[in-house]
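Biologist: Could you show me how to read charges and patches on a protein surface?

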Amino acid sequence: MVKTSLTKFHSSSTASLKISQLQLTATRFSKESDSAEDDELLSELREKWDAMENKSSLLLYGGGAIFALWICLVVVRALDSVPLLPGLLELVGLGYSGWFVYRYLLFQENRKELANNLDALKKRITGDDE
């Protein structure tokens, strides 16, 4: 009886010692990495903010992006609440994924075609005519 209680005490004290060591290491690591990197990041952000000419448009676009994200989340929640619709959409997604793998990833010449299409799209977006 005494042996089992000592074993329990030893295992619990070992576990608490390990937890306290991990907390100490995490605290030490966060103090070391936060100060220099955070100051550098904040100074870089301040420089970019001061260099920006049209701050109001940036705030407007940022607010619009957050609003659009919120609307998307509301729509997804509404669709998720309709019975059978999430399962149907999952089935459509699996079907499209299977078709994409068969069409573009299964054979080498199709993979080359996909790479060429992606390069052409990248050139159209960036405007590179190389």
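Modeller: Let's take salt bridges and then a surface patch. This is a predicted model, where local features need pLDDT of at least 70, side-chain atom pairs count only at pLDDT 80 or more, and totals for chains, interfaces and linings use all residues. Residues are numbered from 1 along each chain as its sequence is written, and side-chain values use heavy atoms, with hydrogens and water left out.

Biologist: How many salt bridges does the structure hold?

Modeller: A salt bridge is a side-chain nitrogen of Lys or Arg within 4 Å of a carboxyl oxygen of Asp or Glu. Here there are two. In one, Lys-48 pairs with Glu-44, with the closest N and O atoms 3.7 Å apart. Because Lys-48 and Glu-44 are four residues apart in helix 1, about one helical turn separates them; helices are DSSP runs (H or I, at least four residues), numbered from the N terminus.

Biologist: Is Lys-48 buried or exposed?

Modeller: Buried means under 20% relative accessible area, exposed over 50%, partly exposed in between (1.4 Å probe, protein chains only). Lys-48 counts as exposed because its relative accessibility is 52%, while Glu-44, at 37%, is partly exposed.

Biologist: And the other pair?

Modeller: Glu-113 and Arg-103 meet through their side chains at 3.0 Å, N to O. Glu-113 lies in helix 4 (residues 108-126) and Arg-103 in helix 3 (residues 85-105), so this salt bridge ties together parts 10 residues apart in sequence.

Biologist: Where does Asp-38 lie?

Modeller: Asp-38 is in helix 1 (residues 2-51). At 35% relative accessibility, Asp-38 is partly exposed.

Notes. Helices (H or I, at least four residues) and strands (E, at least two) are DSSP runs, numbered from the N terminus.
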